[in-house]
Amino acid sequence: MSQLDSARVLAVVPARGGSKGVPGKNLIEVGDEPLITRAVRALGRASRVDDIVVSTDSAEIGAVAADAGATVFPRPAELSGDSVSSEAVLLHCLDIFREQHGSDPDVVLMVQCTSPFIAAETIDGVVSSILDEGWDCAFTAARVHEFLWRRDGSGAAVAVNHSAEVRPLRQEREPEFRETGAVYGMRTTGFRAAKHRFFGRIGLVEMPASHAVEIDSHDDLAIARALAAGFDSSLGTDVDVDAVVTDFDGVHTDDRAIVLQDGTEGVVVSRSDGAGVARLLAAGIPLMILSVEQNPVVAARAKKLGAQVLHGVGDKAAVLKSWLAEQRLDPARVAYVGNDLRDLDAMALVGWPVAVGDAHPAVRQAARLVLTKVGGAGAVRELSDLVLRAYERRNA
C-alpha cells in the first residue's frame, strides 16, 4: 500500500523501441543515464507510487528498465506501431496488472520518459490532485504568457490568444498553461469507462517551466543534454561536513520489519550502506544513528557498523541538540538524513538536512539535498560518497 494512504497507484512508462524523430530515443543518454532509467528512478523517488511498469516491445529497453527497478510488461505486436494510442497501451497494462494482482489499482499514471527532468514532487502532486483533491484525472502543465500567432490561408499572421492592437503587460495577463506531456493521472474506473486520459473533472498540476523539456527532435535532445548538468547537480554535490546523523527506519532500512515466529523483529539492510559507513569512520567522520524505536535490532546494526546510536528517543531535535553540544560540533557542518515527518525538527537544526529518495514530500521539501537512492538501498552509501569526496578535496 502507498505510504500516505490505502490507495494503490500504478505508474506505466510506455517505451517502444522504434522512434522516427530520434532513433532509439528511449535509450539515449541524458546526464549519463538512458531516458528510460531517468523515468523509472524519478518514479522510484515518488512517495505515492506503489508499482512501476515499463511497457515495451524492445528487449534492450526491457533489460535497462528492469535494471533500474521497473517491472517489464512485454508489448504485443499489435501495440508496437507508431499509430497505436497511449490509452491502448495503458489498458493492456491494466489488464495484465489485474490478472496478476486480482484487482485494478485505484490510480494509474502514464509517465513519458521523453521528459527527462520530472521531479518526484511533480509525480506526487498528480497523485495528490486525484486522491486528495478529488479530480477524476490530472495532467502536468507549465505556465506560459506568450502571445501566440498562426498563419491564415494567405500566409498573413493572425493573433490567436490576444488582440494584435492591445499589448498588455505580462503581469496584467491571465496565465495560460501548456500541456507538458510528462505525467498524466487517472482514476482507473473512470479511465476504463472513458478509454481516454481526459474525462470527468480534469485537474491541472503546474510544474516548473524549466522542468518541462520534452525530447521529440535532435534539437530538443541537445537542449536537454546542455541542461542536465544543472538539473543533476545535486548528484555531484560535495557535502562538506564533520559528522553525519541518520534516522534508522526508512534510511538504513526500507521502513519494513520482518516479524519472526517468536515475535522478534528483523530488518533488511544494505551491505553497500555498511561499506559507506565504514569508509566514513575510517576517515574520522563520526556517524550517529538517532531512532525513535527502542529495538535491539537498531543497537545491533549500530554495533556492527561501529557507529554511535541513541534509540528510544522521544524528541529527536532535543537529543540531537544535546549531542551536538557534547561533541562540540558546529551544527552548520553536520548532515542529518531523514525520511519521515518526525525528522523535520532535527533536520532544521543542521546545515545539511538530507532526505532519502523515497522520503515524505514534506521532508524532501525541507531538505537541502534529496538523494537519488531510497532507504535501505544505498542512500547512506550515496551520502557517504558525497561526504568523503568533500573530505578528500578539503585535505588534498
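1. Let's start with the nonpolar cores of this predicted model. The largest nonpolar core has 46 residues. Val 239, Leu 320 and Leu 383 have the most contacts inside this core. Helix H12, which spans residues 379–394, gives the most to the core, with six residues. As general background, nonpolar side chains in soluble globular proteins tend to be buried together.

2. Which residues does Val 239 touch, once its neighbours within four places in sequence are left aside? Its contacts are Ala 335, Trp 352, Leu 369, Leu 383, Leu 386, Val 387 and Ala 390. Try finding Leu 383 in the structure, since that residue is also listed with Val 239 among those with the most contacts inside the largest core.

3. Apart from the largest core lies another one, of 42 residues. Among its members are Ala 15, Val 40, Ala 182 and Ile 215.

4. Now for the cysteines. How many disulfides does the structure hold? The count is zero. Cys 113 is in no disulfide, and the nearest cysteine sulfur, that of Cys 93, is 13 Å away. For a reminder of the chemistry, a disulfide is a covalent bond between the sulfur atoms of two cysteines. Cys 137 cannot make such a bond here because its sulfur is 19 Å from the closest cysteine sulfur, in Cys 93, which is too far.

5. Are these two cysteines buried or exposed? Cys 113 is buried, with a relative accessible area of 2%. Cys 137 is buried as well, and its relative accessible area is 0%.

6. Asp 51 is a good residue to look at up close. You will find Asp 51 in strand E4, which covers residues 51–56. Why does Asp 51 count as buried? Its relative accessibility is 16%, and buried means under 20%, so Asp 51 falls in that class.

7. What does the side chain of Asp 51 pair with? A polar contact of 2.8 Å joins it to the side chain of Arg 8. Leaving aside neighbours within four places in sequence, Asp 51 is in contact with Arg 8, Val 9, Leu 10, Ala 11 and Phe 97.

8. Finally, have a look at the second largest pocket, which holds about 470 Å³ of space. This pocket is lined by 23 residues. Of these, Pro 14, Arg 16, Lys 25, Ser 86 and Gln 112 lie nearest its centre. Helix H3 (86–101) and strand E10 (176–187) each supply at least two residues of the lining.

How values were computed:
Residues numbered from 1 in each chain as written. Predicted model: local features only at pLDDT ≥ 70, side-chain atom pairs only at ≥ 80, totals over all residues. Heavy atoms only, no water. Disulfide = S-S within 2.5 Å. Buried < 20%, exposed > 50% of the residue type's maximum accessible area, 1.4 Å probe, protein only. Helix = DSSP H or I, 4+ residues; strand = E, 2+ residues; numbered from the N terminus. Polar contact = N/O pair within 3.5 Å; in protein donor to acceptor, adjacent residues only side chain to side chain. Contact = heavy atoms within 4.5 Å. Core = buried A, V, L, I, M, F, W, Y, C linked by side-chain atoms within 4.5 Å. 1 Å grid on protein atoms, 1.4 Å probe; cavity = no way out; pocket = protein on both sides within 12 Å on 5 of 7 lines; lining within 4 Å. Points joined across faces, edges and corners; volume = space filled by probe spheres on them.
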